[in-house]
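Got your viewer open? Load the model, switch to cartoon view and follow along, one selection at a time.

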Amino acid sequence: IQNAAESTNQGLEIDGRWAVNDWLMLSGSVAWLDAEYKKFDSASCPNFFEETVCDFSGKTLPYSPDFSSSLTADVFSPITETLSFVGGLTWSYSTEYFTDGTLDPFAIQDSYSKLSGRIGIAATDGQWSLTLIGKNLTDEAILDVTQPLFGYYLGYTNMPRTVTLQGTYHFGN
């Protein structure tokens, strides 16, 4: 295991929220990232059977997509005096990035976008709610992290599409 002698991380992130009206809230974020090793001439090579030391100077850091973004729309609208409709959609996007410290091309997570959402009803006083929640509705297989193991890669992926029914109740005041 080696430590990078020098790296630079710079970028720009913009987040915003807008209450369009009483029942609709829009929010979003965009991030540009430039993360690279300035000097790293003693890095562990991707294929340790061929070489043991590599020069990663000028290469992109792992887990550092160049661009990522998300957009969310949340809805809260009264149906009756005591009952409200709640819902929301979230879309997120990321460009490709390495999921391993050796920058092996086999350990790249390709660009992806995914969609999540929720729909339900709630008491207008916030006492209870019943919501159907869908995460990763596009069923994207997203590689979170990889690690070499005897010439192969062991990879851990993000959760697949999941759908959950959630009920909440607040006791007391």
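A contact here means heavy atoms within 4.5 Å. Start with the whole chain selected: of its contacts with a separation of 6 or more, 55% are between residues 24 or more positions apart.

Before zooming in, some ground rules. Residues are numbered from 1 along each chain as its sequence is written, and side-chain values use heavy atoms, with hydrogens and water left out. This is a predicted model, so local features need pLDDT of at least 70 and side-chain atom pairs count only at pLDDT 80 or more, while totals for chains, interfaces and linings use all residues.

Now color by pLDDT, the predictor's confidence in each residue, from 0 to 100. The chain averages 92, and 95% of the residues score at least 70. Among the elements, select strand 3 (residues 43-44) for the lowest mean pLDDT, 83, then strand 10 (residues 128-135) for the highest, 98.

Back to the cartoon. You'll find 13 strands and zero helices; both are DSSP runs numbered from the N terminus, helices being H or I with at least four residues and strands E with at least two.

Zoom out for the overall dimensions. The C-alpha atoms fill a box of roughly 70 × 35 × 30 Å along the principal axes. The radius of gyration is 22 Å, whereas a compact globule of 173 residues would have one near 16 Å; the radius is taken over C-alpha atoms, and the globule rule is 2.2 Å times the number of residues to the power 0.38.

Next, pick out the open sheet of seven strands, ordered 1-2-5-6-9-10-13 with antiparallel pairing. At its edges sit strand 1 (6-19) and strand 13 (162-169), each pairing on one side only. Pairing takes at least two DSSP bridges between two strands. Strands of a sheet pair through backbone hydrogen bonds, either parallel or antiparallel.

Stay at one edge and select strands 10 and 13: they pair in the antiparallel sense over eight bridges. Show Ile133 as sticks and look across to Thr164 in strand 13, which stands opposite.

Last stop: which two strands form a hairpin with two residues between them? Select strand 11 (residues 143-149) and strand 12 (residues 152-157), an antiparallel pair with six bridges. Strands 11 and 12 make the hairpin, and Phe150 in the turn has a positive phi of about 50°. Along this pair, Val145 stands opposite Tyr156 in strand 12.
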